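Got your viewer open? Load the model below and keep the selection tool handy.

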Amino acid sequence: MNGLAHEFYQEIRERNKAKFIKIATKGIEKEQKEQGGVNIPAFLEAENAYNQFKNAGAFDDYGYLKQM
């Protein structure tokens, strides 16, 4: 893969990671609010969830979640 294509795919993966974390953060914040609040910052929990999905091979080459 040439340098330009590599940069393109890297940018897509970074954007999809940010989108995943943003969506997960909103869900976690909502859940925490319903449960009366938790001391773990939602963003850190969302990033941890992203890393768990990534380690499990749940993302394709573009950083999108694979179909289950």
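Here is a short tour of a helix pair and a pocket. Keep in mind that you are looking at a predicted model.

**Stop one: the helix pair.** Select residues 3-34 for helix H1 and residues 42-55 for helix H2. Fit axes to them and you'll find that they come within 8 Å and cross at roughly 125 degrees. H1 and H2 are therefore oblique to each other, and H1 passes H2 in a right-handed crossing.

**Stop two: where they touch.** On the H1 side, show Lys 17, Phe 20, Ile 21, Ala 24, Thr 25, Ile 28, Glu 29 and Gln 32. Facing them from H2 are Ala 42, Phe 43, Glu 45, Ala 46, Glu 47, Ala 49, Tyr 50 and Phe 53. Color this contact by residue class and you get 10 nonpolar, two polar and four charged residues.

**Stop three: the largest pocket.** How much space lies in it? About 150 Å³. Select its lining: Gln 10, Arg 13, Glu 14, Lys 17, Tyr 50, Lys 54, Gly 57, Ala 58, Phe 59, Asp 60 and Gly 63. H1 and H2 each supply at least two of these residues, with H1 giving the most, four. By class, the lining splits into five charged, three polar and three nonpolar residues.

**Last stop: the overlap.** Keep Lys 17 and Tyr 50 selected: they belong to the H1–H2 contact and also line the largest pocket.

Definitions and conventions:
Residues are numbered from 1 along each chain as its sequence is written. This is a predicted model: local features need pLDDT of at least 70, side-chain atom pairs count only at pLDDT 80 or more; totals for chains, interfaces and linings use all residues. Side-chain values use heavy atoms; hydrogens and water are left out. On a 1 Å grid over the protein atoms alone, a cavity is a set of points where a 1.4 Å probe fits but cannot get out, and a pocket is an open set with protein on both sides within 12 Å along at least five of seven lines; lining residues have an atom within 4 Å of a point. Grid points are joined across faces, edges and corners, and a volume is the space filled by probe spheres set on the points. Helices (H or I, at least four residues) and strands (E, at least two) are DSSP runs, numbered from the N terminus. Ala, Val, Leu, Ile, Met, Phe, Trp, Tyr, Cys and Pro count as nonpolar, Asp, Glu, Lys and Arg as charged, and the others, Gly among them, as polar. Axes are lines fitted to C-alpha atoms, for helices over the stretch in contact, and angles run from 0 to 180 degrees between N-to-C directions. Angles under 35 degrees count as roughly parallel, over 145 as roughly antiparallel, 65 to 115 as roughly perpendicular and the rest as oblique. A crossing is left-handed if the near helix is turned anticlockwise from the far one by less than a right angle, and right-handed if clockwise. Contact means heavy atoms within 4.5 Å.
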